[in-house]
Structure formats: C-alpha cells, structure tokens
Protein chains: 2
Amino acid sequence: MERQRMPLAMDAVAQRRHASSASNRFDRYLIQKIFELSGKPRIKIQLWDGTSFCSPETKPIATMRINSRMTLRRLIRNAELGFGDEFSNGQIEIQGDLVTFLCELFKAKQNLRQNPSRFNKFYRWLTQRKAKSNSLSGSQSNIHHHYDLGNDFYSLWLDREAMQYTCAYFPEENMTIEQAQIAKMEHVCKKLMLLPGQTVVEAGCGWGGLAIYMAKNYGVTVNSYNISHEQIVYAQRRAKKENLSDRVKFIEDDYRNVTGIYDAFVSVGMLEHVGTRNYAQLGAVIDRSLKDNGIALIHSIGRNVPELMSAWTEKRIFPGACPPTIREMMDITEPYDFSVLDIENLRLHYAETLRHWLIRFDANQHVVSRMFDERFIRAWRLYLSGSIAAFLVGSLQLFQMVFVKGFNNKLSRTREHIYLPS
Amino acid sequence: MERQRMPLAMDAVAQRRHASSASNRFDRYLIQKIFELSGKPRIKIQLWDGTSFCSPETKPIATMRINSRMTLRRLIRNAELGFGDEFSNGQIEIQGDLVTFLCELFKAKQNLRQNPSRFNKFYRWLTQRKAKSNSLSGSQSNIHHHYDLGNDFYSLWLDREAMQYTCAYFPEENMTIEQAQIAKMEHVCKKLMLLPGQTVVEAGCGWGGLAIYMAKNYGVTVNSYNISHEQIVYAQRRAKKENLSDRVKFIEDDYRNVTGIYDAFVSVGMLEHVGTRNYAQLGAVIDRSLKDNGIALIHSIGRNVPELMSAWTEKRIFPGACPPTIREMMDITEPYDFSVLDIENLRLHYAETLRHWLIRFDANQHVVSRMFDERFIRAWRLYLSGSIAAFLVGSLQLFQMVFVKGFNNKLSRTREHIYLPS
C-alpha cells in the first residue's frame, strides 16, 4: 500500500557516524544560513550534539531539532524538499505545536520575499522551478498518485456524509465537518441557481458527493468527470445505492473530453491540478458545454501573488498542482468573453476544514498505521498541518468564481438568494 | 458655458455642395466598407440623396442617415470618432430607437472582433490607439473637462438626494433613482462593515454624497479626496449645511497625495480615470493608508476583455478614461499582497441607472438648452444612450472589489451581513 516515493533514510551506520560527530564551525555556519534563508523566524534550531541556535532578539516559539549532519546538508541543498523529507523520515523533529511552528516559518518567508537579501535572491534563483504542464497522460499519473491512495484511507478522516476533499463552508461557529460540507454544497448550488430538470456537468467530482447532492436536493441531472479510478468506482456505487444512477453519471475521463451542453458547469477543487497553461483550454471546454444562459462555477485554492507549491508538496503530495492567482484564473474567462459575476474568498474556511481533518487523522493514526508506514503518517501530518498554516498566514486562498457568457442578460438582480434559507 | 471641443461643422456652402451632389459609385463602395467594418449590423444606411444600403439577409431595426459626403469620409477615416462627432453635429441621424440601434452596432462589433476579416484586422491596426498615462497635471485637466461642466447641469438629471454620478443598485424592480443610489451607498457601507467612530478615506468623492451618507448613517469620520474644484465646493457646502463639517473633510487634491491611516479605503467611480499604468501606485497609496485590519473597496466600470474606450468617448466625453479588466485590477492588489475577498459584477444595474439619467436628461432638455448648444445635447444623448447599450450588450461591466491586507485574519465568516436589513 505504500505509494509515497521518498528517499530512503540513511543507513544506520552512516546515520550514527554523522549523528555522533560533534557539530563543527561549518555546521554552525550552515545553520546560520538556513536561519537567514528562512527569514529569521522565532524558532530555536538544535543540532544532533545539542548545540542550538536562535535569534538573540526574540523568544523562540518552537524548537526544530536536526538529527544529523546529512539532514543539515539536505536542508541547505533544497530547503523545502529537504525539510519535508527529513521531517517525514524523523530526522527533523519539532518540539512545540507543528501548526504554530509552520505559521512562523511561512510568515518569516513572506517577510523575506518582500525584503530579500542578495544572498537570498541568489539562493532563490539557484533553486527556482518551473510550473509543470499537465498533459492528458501526465494528469492521469499525477491524480493517481494522490487520489488513489485508497478510499478506506480518505474515509477515515474526511466527512462521513459526502466524502468532500475540498474546502468546507462554516457559516456558523462550532459546526461539524459534516454540517460544513453540506453547507458548502448548498452554497455552491445556490450560486449556480439550480432548478429541477436542469442539466449539470461537473469537472473533477471526487467521490461524487456534490453530484449526488445536486441530483437529490435540486432535481438536476449530472454528468461528472474524473480521472481517478478509485473515486469513480466509489461514486458509481454510491449513486446506485441511492437509486440515482439514472440521473447521475460518473464518467472516468479527462475534463477535456466533456461532451454535451448543460445549464451549469461546476468544478470544485480540480483547477489546482489543471496547470495554468491549460486554462484557456478549460475555458474552451466550458464555452462549448455551457448553454447561452448557463452558469459556471469554479472553486479552487489560489494565491494573492503567483507562487509555485512548495517543492516538497509538489513532489511528494500533489504532483502537478499549482494554485492560481485571480489574474491567472482570467486565462479561463477572457479568451471566451465570459463575464465574471462573483468571486468569493473562503480562505479561513479552509484552515478550519483542515483542522477538522487533522484531528480525525490523528485520532485514527492507529488505523492509518496498519495501511501505511511511519514515514507516510509523518508526511501526511506535515501536509495537513502545513496547509492549515498556509491558509492561516494568507499564503493560500480559496476562490469561488461564478461566471456566465458575456451576452447573457438573464442575471439575478442580487446575490441575496445565496443567503436566504433553502 | 460650451466646453466641448468638437470640430466645427462644415460651413454652409461646403455642406450644400456635398449634400446636393448625388452619391457616386465610390460613395457606395465606402458605405459597403463601413457596413463590413461595423460587422454587418441589422441597420439600413441611407445617403444624402436617398440611396440606401442594408444587408439583404436581415430586416433592419433602425436607419442611419448620413447627410453629406464629408460625413461619409469622416466615418471612414475614424469610425468611432467620426460617428460621434457627426451625430453630435446633426450630420448623422438615427431613425428608430437610439439605444436599440447602438446595441445592434456594439453586438455586431463584438462578433466581428471574434471573427475579423483581413481587411478589418488591417483597419484596426491602422486606427489603433494607446492608453494614456495620467500624470498629476494631466488628470487635473481630464477631470476638469468632464466633472466641472457645472453642478447645475448634473443636478438636472442625477438623483436629487446624493448626486451620485456612478452606478446605482436596484435590488428591487421599479425603484426610483434616489432609492437605488441610497441602496448603492448602503451596499458599499455594508461591504466595508463600517462601525461608529471608524475613519474612512475616500478617493474620488464626486459631490460628496457617499462621504456624507457614511458619516450620517454609520457614525464614521471621512477624509474625501477629489480634484474637481466645482464638486469639492459643492460637497463642502453640503457638509456644512448638514452640520457634518467636523466629521467629513473634503480635500481638493489627487488620491496620490492621501495622508493618514484609516479603517477603510473606498473609491467609487474613480478607477476608470486612474489609468492602468498607475494601478500599482494606487495600490501603494491604499497599502500605506489602510490599518492592518482595514477594508478597502473599489467600485469601477470594467471589461471582460481589455479594450480602450471608444475614440469618441475618450476624446469628447471622458479624456483619459479606461475601464479595466479584473486581470488589470490585480495590478492594484498583487504588488502589495492584498487579499481579494469579494468581487461583484453589477453590469445590468448600470444600464438601469443610465436609463433613469437619460429619461431625466430628456425631460430637462429645455433647461439644458439654455446652458449648452444643440451639439452638446446631441453628444450627451449619444453618450448616455451608448453607455446603456454598452452595459446591455456586455461590452462594459461594473465591478465592486473588496480586499484586505494579506495577513488580516479578522474576516467576516460570510457575506450574509450585506443582505441583512440595516
């Protein structure tokens, strides 16, 4: 079941040799550089021999323990990937709250980006990456990597009602994740102004929760596309169980192969995997599959400022993923003269969603550990915690964008209908 | 009082010479070219000698009468400017509803843009213009040209409560323009989540309606900037009359000279005059004048696709004006890591607003004609009708964008507050 392709941990001998030797002047020089490269966060860095380092000006909020010289070198070579892999391997340990630690790290990095040193600019140039282009076959393998980890695994910590692996909506405090995911689906349906008998096409349907919700509660017919085999099988089984197979069709195919013309186009949590270079193509798909008076909604993680995913997340967790800025999202709408009606940012709702997931993930560690090894569990804790931190510090956003054809004048006067009880 | 700088109408002799001569083959060739250049609209074109031309395939919805050969040549030389000027001069007359005629023209042009002929591409290249950069002194003269036409003139046809020369908000049908402008100001205040005692800075305040509304109904203190002298004088007088001079300060200065730090930044209908090249500078002004937990709102005419104002509107009505796309608006937010929370498109509300203005303008023509000449009145009828048409066919949009500093986590859970009764 272990599908994460992480570098092997050092063999025991090498590890002991590195760990046992006392840190030298060069090690301590490197630590200082790491500290500078990460924007002088309020953290204490401790080496394998107990030597520690922190800014004299501020009280550290957590301690990062580096357990070997090899780990230190990997951190220098590629900060993001090195940190993620070494944390997963247990060679980096955090004493203190992981989310708080990561928030501090991300904030320091943001500050740094605004006032970079010459050394930092050089380092950034040295380690820069390019966004990947997602071809049909590339998408297939990228999506398989993450979403086909096993439905049993995801069902341990996602909401139990609809298996929504996307940002929930918490209009009130203290909602359960189940309530908040239903609220999210309601929010989406209200924005789409669905009417009984209408047709909907969905690009990227996950385990089919939204498609089934729309058919059941709004009387629409849905064609849902997804290239994750395990998800499609699960969704089809659920539709059958709910006697909705005649009104919800789950199609194992790429969004680029959508056929038919619909009253609504909806895509929740797929755009992150599309790749900015394919946005115009996505726009073309929507343009050709939307009726003249149809409404489209795209829900996606995003950015205020263009930035690639962290190298570690991109490599180990979400290959090919790239959250767009609003500017980049305009590559979908502008070429086809779509009229953007509404953009809403639900950033903090995703931090809350992820908190719920992390709590359940932690509570089910004993079950997860029967499916995956320790390294996988540490990697996923880092990924969930890192995502919470990224939404909390504002390095990630969550955009819901509603748009229609440019000449469509059958528009709702206000957005009040979204806030009226259903 | 006549401030419009239009070309002089042809002298009477030249006019008679042109008008009296029968149209020749070349004239008719030109007409056909004009017809093609404008995307083959469903209109009949009639020449001074009665010769007429229209597409054999469709029934014309209106007739455009060209009263002289000179007018025909001006149309060919610069379609937009020629049409506007010759219409204003009475050398082009429209038989049928002007708004319907313009809608047809704009729609044909949009279709054409999507499928241009080689001739059309060449003509577009030949007549292309560049956006102007609005310097401090340039802005001053541009704004003076339009907004200092006289408060008496504007008060004839704008709403009587708050003299709002920007898009109103019609949450319900059959509202008066007065009600809809109040609804607009409410909508803006609710989006800004104003609290008593807070401070607001306003960039571009018109006749001060919104500033006074905010102070009066939300208990805030406002500093409002505007470079139109006549508007500032009017606004100051009104604030004094309402005993609000201590809480609303109207400052005759450019938005770039804003000083102080505020809970809210608001700008309704100024961005159109800022010029895309100055957006980053506007972002800098907002960044330095907004508290860490402050909210900013920009309300502006916009586009789905980048396009300059029509040459005539740019030259005769709104020098320096340029409605941005959402992509272009990101030049304000991205450099300062602002987080866009909400974008709403109120396109059809502006068509409705303009209809109200046009009805009042027409009803007050006898008064306007004591202030300005016939040419001015025709030019303004064209400008108001053309604007209605542009919003109706979707060539213009109206964006309200709410944004905050990227690290601000004191966000409202939902946008429901905008739709609750005040």
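Modeller: Two residues are in contact if their C-beta atoms, placed from the backbone, lie within 7 Å. This is a predicted model, where local features need pLDDT of at least 70, side-chain atom pairs count only at pLDDT 80 or more, and totals for chains, interfaces and linings use all residues. Residues are numbered from 1 along each chain as its sequence is written, while chains are lettered from A and ligands numbered from 1 in the order in which they are written.

Colleague: How many residues of helix α10 of chain B are buried?

Modeller: A residue is buried with 20 or more other C-beta atoms within 10 Å of its own C-beta (exposed: 12 or fewer; partly exposed: in between), C-beta atoms being placed from the backbone. Helices (H or I, at least four residues) and strands (E, at least two) are DSSP runs numbered from the N terminus. In α10(B), residues 209-218, 8 of 10 are buried, among them B:Leu210, B:Ile212, B:Tyr213 and B:Tyr218. Their cover includes helices α9 and α11 and strands β5, β6, β7 and β8 of chain B. After the helix comes B:Gly219, with a positive phi near 60°.

Colleague: Why does the span of α9 in chain A agree with what is expected?

Modeller: Expected span is 1.5 Å times one less than the number of residues. The 16 residues of α9(A), 177-192, should therefore span 22 Å, and the end C-alpha atoms are 22 Å apart.

Colleague: What do the buried residues of α9(A) pack against?

Modeller: These residues, including A:Ile177, A:Met185, A:Val188 and A:Leu192, pack against α10, α15, β8, β9, β10 and β11 of chain A. Just past α9(A), A:Met193 has a positive phi of about 50°.
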